[in-house]
Amino acid sequence: LNVVVCCGFFLQVLNEKKLQEVDSLWKEFETPEKANKIVKLKHFEKFQDTTEALAASTALVEGKLSKNLKKILKKIVAKDAHEQLAVADAKLGGVIKEKLNLSCIHSPMVTELMRGIRSQIEGLITGLPSREMAAMCLGLAHSLSRYKLKFSPDKVDTMIIQAISLLDDLDKELNNYIMRCREWYGWHFPELGKIITDNLTYCKCVRKVGDRSNFASTDVSDILPEEIEEDVKAAAEISMGTEVSEEDINNIIHLCDQVIEISEYRTQLYDYLKNRMMAIAPNLTIMVGELVGARLIAHAGSLLNLAKHPASTVQLLGAEKALFRALKTKRDTPKFGLIYHASLVGQSNTKNKGKISRMLAAKTALTIRYDALGENTSAEMGAENRLKVETRLRHLEERGIRRISGTGKALAKTDKYQNKSEVKVFDPSGDSTLPIVSKKRKIQEVDEQDTEVAVKAKKFKAEMK
């Protein structure tokens with residue numbers, strides 16, 4: 001049995017009788033003397049420099065067969081083709097078997113064997129002091145780490161995480177600066193804050209004019225519309241604000257410069273974030289937008305970590321505190337987290353937000369895995385899934401006019417409304433022709449009725465006799 005170890009490359013012939021008991025194999029590598037009885041150095045290939053060592057290590061980590069290793073295997077192992085080759089990585093063993101037609105073995109016994117060789121590697125390779133070996137291992141480890149950080153495609157999304165974090169910080173700072181600017185200049189010209197509602201326009205106007213007495217002689221038509229400009233000039237003449245010094249105005253103008261610069265940089269940063277999201281996660285961007293997608297990636301740590309989350313976790317990302325509080329108090333759990341700010345959830349009414357967020361999270365989880373693990377960079381899958389969610393949303397919104405009975409799938413049949421304008425003629429037959437009689441009867445009428453009743457009673461008695 002031959003073994004490949006990456007320290008330079010060297011192959012060792014083993015005594016296979018001692019390898020049958022895996023659990024007690026570590027005892028055979030307690031000392032260098034015992035290790036030399038088990039393994040024997042067959043060939044050693046030294047790396048020329050750190051670059052060569054880094055290339056070989058990177059190839060082994062990725063499960064690829066480097067050129068130097070291929071030459072050594074052809075040169076040395078081909079002589080003992082009848083023997084098996086022990087490899088620590090099953091993927092590398094498959095590549096060796098495919099390209100060189102060598103029989104490879106990977107098992108728990110090989111793992112324990114590699115562990116023992118690493119522990120006694122100083123005694124197995126003669127002529128290498130332990131201090132130099134430690135320095136070489138440390139240098140190779142640093143080079144490998146720098147290579148991974150520089151060239152790993154998984155680390156590209158760190159730019160998105162930093163950009164969205166900076167965007168949130170800029171929004172907070174801009175809000176504080178604008179509030180301070182409005183409050184500060186409001187002591188001098190309080191009416192301006194009610195007339196101009198846009199913050200950036202307010203700061204540009206203050207920076208250009210300065211003191212409110214300059215509004216009458218300053219043209220601000222490039223900043224404000226004509227109607228608002230007239231209102232501002234009229235308000236400046238009758239303003240109730242206090243007088244301030246020129247030094248105060250200069251400081252306020254300097255603050256306005258800061259607000260305008262930060263606003264311009266925020267616009268530039270947003271464009272950068274949009275382009276990066278479309279390059280790294282185009283399907284996710286189409287589903288939930290670049291801001292929500294970037295916040296999901298930042299919350300998970302990376303795009304690959306986000307791809308490992310199930311749809312139910314994607315739905316509740318950002319609402320962990322509310323979720324655990326609901327579980328602790330045994331109340332209803334939240335229905336959405338960061339995904340609530342997606343445009344599709346915002347379009348739905350309050351009753352359907354939970355259903356739409358659940359379906360959107362399921363489709364978003366698919367698009368995230370496609371972006372993170374797929375080789376194709378097209379955004380067709382995201383567009384198709386977004387269309388499905390929009391169709392579902394439309395069906396939910398139209399459910400109010402569906403029939404309650406039956407399957408519930410067929411639409412209720414409603415007659416088309418037609419405006420029928422008919423000319424109706426007044427019917428006088430319904431009018432009463434009886435004379436109007438007062439409700440109170442006269443005494444004379446009551447007496448006459450009583451006498452008539454008495455006469456009818458006498459006639460009835462006579463007939464009965």
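1. A friendly place to start is Lys 330, which sits in the loop that links helix H17 (320-329) to helix H18 (343-347). Please bear in mind throughout that this is a predicted model. Lys 330 has a positive phi of about 60 degrees, although it is not a glycine. Most residues other than glycine have a negative phi, so this is a good residue to look at on your screen. Lys 330 counts as exposed because its relative accessibility is 78%.

2. Now for the overall picture. The protein's secondary structure consists of 21 helices and five strands. Of its 465 residues, 34% are buried. Taking contacts between residues at least 6 apart in sequence, 62% join residues that are at least 24 apart. The protein exposes about 30,900 Å², and 54% of that area is supplied by carbon and sulfur atoms.

3. Helix H8 deserves a paragraph of its own. It covers residues 157-186, and at 1.5 Å a residue its 30 residues should span 44 Å; the C-alpha atoms at its ends are 43 Å apart, which agrees. Its buried residues are Asp 157, Ile 160, Ile 161, Ala 163, Ile 164, Leu 167, Leu 170, Leu 174, Ile 178, Cys 181 and Tyr 185. An α-helix has 3.6 residues a turn, so residues three or four places apart point the same way. That is a handy thought when reading the list of buried positions. What covers these buried residues includes helix H9 (191-195), helix H10 (199-209), helix H12 (246-280), helix H14 (290-300) and helix H15 (303-307).

4. How many disulfides does a search of the whole structure find? The search finds zero. Cys 181 is worth checking here: the closest cysteine sulfur, in Cys 256, is 3.4 Å from its own sulfur, which is too far for a bond because a disulfide needs the two sulfur atoms within 2.5 Å. Cys 203 is in no disulfide either, and its nearest cysteine sulfur, that of Cys 181, is 4.2 Å away. Cys 181 counts as buried, with 0% relative accessibility, and Cys 203 is buried too, at a relative accessible area of 1%.

5. Which members of the largest nonpolar core touch the most other members? Among its 61 residues, they are Tyr 185, Leu 192, Phe 215 and Leu 360. Helix H12 provides the largest share of this core, with 12 residues. The core lies between domain 2 (155-272) and domain 3 (281-399), because both domains give residues to it. There is also a second, separate core of 10 residues, with Leu 69, Leu 85, Leu 100 and Leu 102 among them.

6. Phe 215 shows what one of those core members packs against. Leaving aside neighbours within four places in sequence, Phe 215 is in contact with Tyr 185, Phe 189, Leu 192, Cys 205, Val 209, Val 232, Lys 233 and Ala 236. Tyr 185 and Leu 192 thus appear among the contacts of Phe 215 as well as in the list of core members that touch the most others.

7. Ser 357 is a polar residue to look at in helix H19 (residues 353-373). Is Ser 357 buried or exposed? Ser 357 is buried, because its relative accessible area is 0%. Not counting neighbours within four places in sequence, its contacts are Gln 315, Lys 335, Phe 336, Ile 339 and Val 345.

8. Trp 187 lies in the loop between H8 and H9. With a relative accessible area of 62%, Trp 187 is exposed. Its C-alpha is 5.6 Å from that of Gly 241, although the two residues are 54 apart in sequence. Setting aside residues up to four places away in sequence, Trp 187 touches Gly 241 and Thr 242.

9. Two further pairs bring together residues from separate parts of the sequence. Asn 250, in helix H12, is 43 residues from Arg 207 in sequence, and their C-alpha atoms are 9.0 Å apart. Asn 250 counts as partly exposed, at 44% relative accessibility. Arg 115 is in helix H5 (residues 108-119) and is partly exposed, with a relative accessible area of 46%. Arg 115 and Leu 25 are 90 residues apart along the chain, with their C-alpha atoms separated by 10.0 Å.

Definitions and conventions
Residues numbered from 1 in each chain as written. Predicted model: local features only at pLDDT ≥ 70, side-chain atom pairs only at ≥ 80, totals over all residues. Heavy atoms only, no water. Helix = DSSP H or I, 4+ residues; strand = E, 2+ residues; numbered from the N terminus. Buried < 20%, exposed > 50% of the residue type's maximum accessible area, 1.4 Å probe, protein only. Contact = heavy atoms within 4.5 Å. Areas by Shrake-Rupley, 256 points an atom, 1.4 Å probe, with all protein chains shown as cover. Expected span 1.5 Å × (residues − 1). Core = buried A, V, L, I, M, F, W, Y, C linked by side-chain atoms within 4.5 Å. Domains from an automatic or database assignment.
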